[in-house]
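User: I would like to learn how to read a few features from a structure. Could you take me through them in turn, with the general idea first and then the case at hand?

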Amino acid sequence: MAVSLDEVLKRVDSYVKEPADRDLIRRAYNFSHLAHTGQRRKSGEPFIDHPMHVALILTELKMDAPTLAAAIMHDTVEDTKATLVDVDKNFGAEVAALVDGVTKLSGISFTQKHEAQAESFRKMLFAMAKDIRVIIIKLADRVHNMRTLEHMPEEKQRQIAQETLDIYSPLANRLGISWIKVELEDSAFRFLKPMVYHRLNNQLNTTRKWREKYITRVLTIIEKELKDHGVDGQVSGRHKHLYSICRKMEQRGLDFDEIADILAFRIVVDTISDCYETLGLIHSLWKPVPGKFKDYIAIPKVNMYQSLHTTVIGPEGERVEVQIRTHEMHRFAEEGIAAHWMYKESKQFDFHDQDKFTWLRTMIDWEKDFKDSTEFIESVKLDLFEDQVYVFTPQGDVKELPRGATPVDFAYAIHTEIGQHCAGARVNGRIVPIRYKLQNGDRIEIITSESQKPNKDWLKFVVTSKARAKIRAFLRAEERDMAVTIGHELLEQELKKVGANFNRLHKSKKILQAAKELHYRSEDDLLLALGFGKVPIPRVMAKLLSSEEIAHGKMEKASLFGRLVSRVSRKPRSAIKVGGLDDVLVRLGKCCTPIPGDSIIGFITRGRGVTVHRAQCKKILEIGEDRRVEVAWDHNGKFTHQARIRVLTVDTPGVLANLSKVISQNGANIAGANIATTFGKKAMSTFQVELKDTHQLFSIMKAIEKVDGVLSVERVRN
């Protein structure tokens, strides 16, 4: 539906009385209308409808005239022949700066689309640092784009929805504009998981009548209690929005029917003392749920949100959340920073004067540490959009870290060297482990040790991007040294087979010469490539020794004494070949237990040679690609492998015996079994089976499916 200029001006008149402001908005409309003449959106509507909808959304936040003018013209520089100079000339530097802040970088060429998006976001944030109104316009623009997203191609819908969930909804949350945050989350949810969204919406609709009756009942009880105690308060009730319900279901692994606290009530009172009195009244009515009380009045959220939150067991045993706040707190909770707009006489918002924008200043400081926009935006996602904790150094300085941060994160925030040697910490004078999650107000002293160094496990609990980046860099350096050692051992072994000596070739610079011929800068680079399986051993041997020397060496080693020694000392071969070799130390990942027939990936593991995982194993996502090595099954050997099979059956006599019989009939041996009964007279049996390959595994599983009483059968993959 089109939005007229009169409609926008009527809204503006309710909070702005200056004639000059009306004139600025009217001129901006005429400029934009002329620039967009003939242009239409994907929906078929005239393009001017979009900026007018954006302006109308901004009037809900009572934005000033320059902001509305910039919103009406925000697409002109990008999508029409109009230039920023034109905007500056006709509307002044303030409006031009706002338009520039929300204009995409369409004039710059990027190799990949996501780089353009990241660079545009970086620019937007820097403009936001100069004038916070830029992000308010951008959020309103995104709200209307999400409202009309169904007209875009499906792939574009998903890309925009994901970007909205990753970037714009958290930004709305940071600025405290809750209604925009909620709308963006639900809109993105609808396009990212449409089936889940509609199913959840239908489930809410089926219980709507019951909820409405329940809400009315609870409202009546609360209003009477407030009146009886002389507290003047406004009470409202609602169900939580769809995206938050979905997240609860996913995080807790529950179905919709099992989610207890989807109803929320809000009580708005006059004073802070009324808030705490009301809290006491609610707790006298219904039993509070332990651990579900939050005092955001005494300790506001990082976006300055204030309220009391409590969850109680209401009528009929239903869990309900109650939020209690003052009128001023409520206005800020809904409108955020726009609720108490702060401009100086120059009308330029100075975010440096506001404690609530420390997160923005910190982010701007981080920017210089990142070489490209994509890396920068990933850091922003990791650090910027988490709730913060404020902790103290031993000297009393305050450090702001993401919620969930540990002493290791704190140590890296102080200095990289302190982080690398962090062995523990004293928090408020008490020794704590390095996994301890910091709390607001903690005073932290880091304990260092020269022998301490980062390890892979640290990546499982650190949360800041700086800590993760520094730990990964250290581990990469360590893995490089390890790969060089493995390469050295591989080459030394191969040289021994032909009677050659590694040290002699090193001293004669033959290995360095071979490295240069193979286009490696140094001997270590060649050994590194060997260790990672990036260059085959035979190719290196051909550069070090002539074919005659290799043949002669093999003949020498094939003497009778050599054959006898070899026969006595020969080790069992592995079922895996690494880089074409079959004598490298190899172990199979216990997390996924690969067997022949599975696609596999090998990784160099410190002190353990090569560890092999299934290509689908989740573990490989945690391991850098630079540690990968080429591996393949040795189909010439006769090896047995273990796999786990989980079978759900009815709990009746004879079923277990039939399962064991089927497994043995298919040529496999049961190495171990675990049987457990479940609810509903069912039994869960997990068998550790020795077999040859996936073909035999699938044959066994197919045979098990035919056994009477079997409900399901699956391979245990982790």
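User: Are the cysteines 275 and 422 buried or exposed, and how many disulfides are there?

Analyst: A word of care before we start: this is a predicted model. Cysteine 275 is buried, with a relative accessible area of 0%, and the value for cysteine 422 is likewise 0%, so this residue is buried too. A disulfide requires two cysteine sulfur atoms within 2.5 Å, and by this rule the count is zero.

User: How many aromatic pairs does the structure hold, and what describes such a pair?

Analyst: In general, a pair of aromatic rings is described by the distance of the centres and the angle of the planes. The structure holds five aromatic pairs. One of them joins tryptophan 210 and tyrosine 214, whose ring centres are 5.0 Å apart with 25° between the planes, and this pair is stacked. Both residues belong to helix H13 (residues 208–228), where they sit four residues apart, about one turn of the helix. Tryptophan 210 is partly exposed at 36% relative accessibility, whereas tyrosine 214, at 2%, is buried. Tyrosine 296 and tyrosine 305 also pair, but here the centres are 6.1 Å apart and the planes stand at 70°, so the arrangement is edge-to-face; both of these tyrosines are buried. Finally, Phe189, Tyr197 and Tyr243 form one aromatic cluster.

User: Which residues of helix H12 are buried, and where around the axis do they lie?

Analyst: The general idea is that an α-helix has 3.6 residues a turn, so residues three or four places apart point the same way. In H12, the buried residues are Tyr197, Leu200 and Leu204. They cover an arc of only 75° around the axis, which means that they lie on the same side of H12. The face turned away from that buried side carries the exposed residues Met195 and Thr206. The length of the helix can be checked as well: for the 13 residues of H12 (residues 194–206), a span of 18 Å is expected at 1.5 Å a residue, and the end C-alpha atoms are 18 Å apart, which agrees.

User: What does valine 8 touch beyond its neighbours in sequence, and which residues does glutamine 420 touch?

Analyst: Valine 8 is found in helix H1 (residues 5–13) and is buried at 0% relative accessibility. Leaving aside neighbours within four places in sequence, valine 8 is in contact with Val3, Met52, Ala55, Leu56 and Thr59. Glutamine 420 lies in helix H20 (residues 416–420) and, at a relative accessible area of 12%, is buried as well. Not counting residues up to four places away in sequence, glutamine 420 touches Tyr412, Gln452, Lys453, Pro454, Trp458, Lys470 and Phe474. With tyrosine 412 there is also a polar contact of 2.4 Å between the side chains.

User: What is the phi of lysine 62, and what is that of histidine 519?

Analyst: As background, most residues other than glycine have a negative phi. Lysine 62 has a positive phi, near 55°, and is placed in the loop between helix H3 (49–60) and helix H4 (65–72), where it is partly exposed with a relative accessible area of 49%. Histidine 519 also has a positive phi, near 70°, and lies in the loop between helix H23 (510–517) and helix H24 (523–531). At 72% relative accessibility, histidine 519 counts as exposed.

Methods: Residues numbered from 1 in each chain as written. Predicted model: local features only at pLDDT ≥ 70, side-chain atom pairs only at ≥ 80, totals over all residues. Heavy atoms only, no water. Buried < 20%, exposed > 50% of the residue type's maximum accessible area, 1.4 Å probe, protein only. Phe/Tyr/Trp six-rings, centres within 6.5 Å; stacked < 30°, edge-to-face > 60°. Helix = DSSP H or I, 4+ residues; strand = E, 2+ residues; numbered from the N terminus. Contact = heavy atoms within 4.5 Å. Expected span 1.5 Å × (residues − 1). Arc of directions from axis to C-beta. Polar contact = N/O pair within 3.5 Å; in protein donor to acceptor, adjacent residues only side chain to side chain.
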